[in-house]
Amino acid sequence: MTAEEAAPSGSAAPPDTVRLMVLEGDGIGPEIVAATLRVLAAVGERFGIDLAFEHHLIGLAALAAHGSTFPGHIIGAVANFDGIVLGPVDHQRYPTPELGGLNPSGQLRKQLDLYANIRPARTLPGLPPPCGRSFDLLIVRENTEGFYADRSMFVGSGEFMPTPDVALSLRKITRDGSTRIARSAFELAGRRARRKVTAVHKANVLRVTDGLFLECVREVAEEYPEVEYEEQLVDAMTALLVRDPSRFDVIVTTNMFGDILSDLASELSGSLGLAASLNSGREFAIAQAQHGSAPDIAGEGVANPASLIGSAGMLLAWIGERREDQRLIDAGAAISRAIADVLRLPQHRTRDLGGDVGTAAFADLVADALRSDASKGEDVA
Ligand code: NAD
């Protein structure tokens with residue numbers, strides 16, 4: 001359904017309906033979003049969850065239709081929804097903001113204060129990881145400040161050119177931003193078997209900014225004596241991750257370091273196409289794959305949708321925790337399990353994992369796995 005066809009945003013839905021805004025994005029976005037909605041429909045059926053979707057245009061399609069890659073009405077409409085399924089965007093190809101080129105991802109994170117970007121990376125049974133070792137880690141990335149020019153300023157951009165030959169970029173680190181992301185990391189670590197947090201930084205050079213970040217993480221660490229705590233420099237961290245990712249559990253870090261390390265960790269687990277993520281704040285969350293719009297494979301129907309399908313599972317679980325609705329928490333876990341079950345078999349894998357299953361066919365396999373999982377009678381609330 002398009003926004004135009006929908007009832008006035010969200011208002012007619014029964015109270016326990018999960019209302020999701022759907023933003024397809026660019027490149028492979030429409031393909032992996034369509035795949036994700038097929039899986040959500042299956043999980044909704046299985047767990048008796050009423051899901052309502054409303055599509056809005058963003059990205060290059062919105063630029064053509066509305067003159068902006070991130071039309072103003074979207075933020076106004078968000079209050080009518082429980083979450084967003086967001087496809088990747090090709091913002092490198094967008095015009096300048098004056099010509100309508102706003103990064104939807106950055107705008108949503110900033111305007112909705114979605115400060116915690118939770119990025120899991122784990123190896124799966126039967127899928128040999130390129131790094132040769134099994135691991136299960138969670139990168140907790142600060143999402144609203146750091147080096148990202150489009151979200152670190154109240155007015156204006158964090159990047160500027162005093163002369164045609166000098167370009168400057170500001171890195172913003174705040175006590176509040178660092179403390180709250182540290183708390184998210186320790187809370188998440190406290191629920192995991194290993195209970196370990198690694199703070200990643202570059203405080204040997206960025207003494208003031210990363211010095212403040214580390215000071216805040218250390219203060220929070222003292223509140224969680226049951227969680228083991230260590231620190232690593234970001235350059236060494238890349239080597240350590242490649243050498244043995246299994247030594248890490250929860251990694252907390254600033255915006256850009258988290259962005260880079262999470263792509264590395266996901267590829268080590270098998271493929272960037274497996275990389276799920278959740279942007280979360282106190283009031284709202286967005287399911288969004290870690291990767292970009294993959295223009296090199298867009299339109300071919302070969303993208304791996306596991307990334308966004310897994311992200312949607314994380315979103316359902318997040319909404320479930322807020323609502324204290326076990327069905328939604330179980331639905332999120334069932335999606336994650338169904339992806340892993342499907343990927344056990346080489347003939348079920350997409351091209352990035354060495355197989356030849358297409359995007360839509362992979363979604364159907366995951367939807368079927370959800371249904372057969374249901375027939376085992378497990379996890380049904
Ligand atoms: P990318 O993440 O889009 O792609 C990197 C590589 O991974 C490519 O080879 C691509 O084919 C592959 N890949 C990515 N997702 C895949 C999937 N689901 N299945 C199979 N293979 C997959 O990075 P890029 O090409 O450098 O960036 C393209 C555009 O995406 C740029 O405009 C960039 O700014 C933007 N970007 C957006 C986001 C986002 O929306 N969150 C994140 C990163 C980059």
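Ser277 is buried, with a relative accessible area of 0%; buried here means under 20% relative accessible area, exposed means over 50%, and partly exposed lies in between, with a 1.4 Å probe and protein chains only. The model is a predicted one, in which local features need pLDDT of at least 70 and side-chain atom pairs count only at pLDDT 80 or more, while totals for chains, interfaces and linings use all residues. Residues are numbered from 1 along each chain as its sequence is written, and side-chain values use heavy atoms, with hydrogens and water left out.

Ser277 lies in the loop between helix 8 (255-269) and strand 11 (278-280). Helices (H or I, at least four residues) and strands (E, at least two) are DSSP runs, numbered from the N terminus. The side chain of Ser277 is joined to that of Asn117 by a polar contact of 3.2 Å. A polar contact is a pair of N or O atoms within 3.5 Å; within protein, one must be able to donate a hydrogen and the other to accept it, and residues adjacent in sequence count only if both atoms are side-chain atoms. A polar atom of the Ser277 side chain also lies 2.8 Å from the backbone oxygen of Gln288. Leaving out residues up to four places away in sequence, Ser277 touches Asn117, Ile118, Arg119, Pro120, Ile286, Ala287, Gln288, Ala289, Gln290, Ser311 and Met314, where contact means heavy atoms within 4.5 Å.

A second buried position is Asp90, at 8% relative accessibility. Asp90 is placed in the loop between strand 3 (83-86) and helix 4 (104-111). With residues up to four places away in sequence not counted, Asp90 touches Asp26, Ser293 and Pro295.

Ala306 belongs to helix 9 (residues 306-323) and is buried, with a relative accessible area of 3%. Ala306 and Ala35 are 271 residues apart in sequence, and their C-alpha atoms are 8.9 Å apart in space. Ala306 touches Gly273, Leu274, Ile339 and Phe362, again not counting residues up to four places away in sequence.

Helix 9 also packs against helix 10, at an angle of about 160° and with the axes 7 Å apart. Axes are lines fitted to C-alpha atoms, for helices over the stretch in contact, and angles run from 0 to 180 degrees between N-to-C directions. Helix 9 is therefore roughly antiparallel to helix 10; angles under 35 degrees count as roughly parallel, over 145 as roughly antiparallel, 65 to 115 as roughly perpendicular and the rest as oblique. The crossing of these two helices, 9 and 10, is left-handed, a term used if the near helix is turned anticlockwise from the far one by less than a right angle, with right-handed used if clockwise. On the helix 9 side the contact involves Ala306, Ile309, Gly310, Gly313, Leu316, Ala317, Ile319, Gly320, Glu321 and Arg323, which meet Leu328, Ile329, Ala331, Gly332, Ile335 and Ile339 in helix 10. By class, the residues of this contact between helix 9 and helix 10 are ten nonpolar, four polar and two charged. Ala, Val, Leu, Ile, Met, Phe, Trp, Tyr, Cys and Pro count as nonpolar, Asp, Glu, Lys and Arg as charged, and the others, Gly among them, as polar.

Helix 10 (residues 326-343) also has a contact with helix 1 (residues 29-47), where the axes come within 10 Å and cross at roughly 130°. Helix 1 is therefore oblique to helix 10, and the crossing of helix 1 and helix 10 is right-handed. Val39, Leu40, Val43, Arg46 and Phe47 of helix 1 make this contact with Arg327, Asp330, Ala331, Ala334, Ile335 and Arg337 of helix 10. The residues in the contact of helix 1 with helix 10 comprise seven nonpolar, no polar and four charged.

Helix 5 (residues 175-190) packs with helix 6 (residues 209-222) at an angle of about 40°, and the axes are 8 Å apart. These helices, 5 and 6, are therefore oblique to each other, and helix 5 passes helix 6 in a right-handed crossing. The residues in contact include Phe186 of helix 5 and Leu212 of helix 6.

Most residues other than glycine have a negative phi. Ala294, in the loop between strand 12 (285-288) and helix 9, has a positive phi of about 45° although it is not a glycine. Glu324, likewise not a glycine, has a positive phi of about 55°. Glu324 is placed in the loop between helix 9 and helix 10 and is exposed, with a relative accessible area of 74%.
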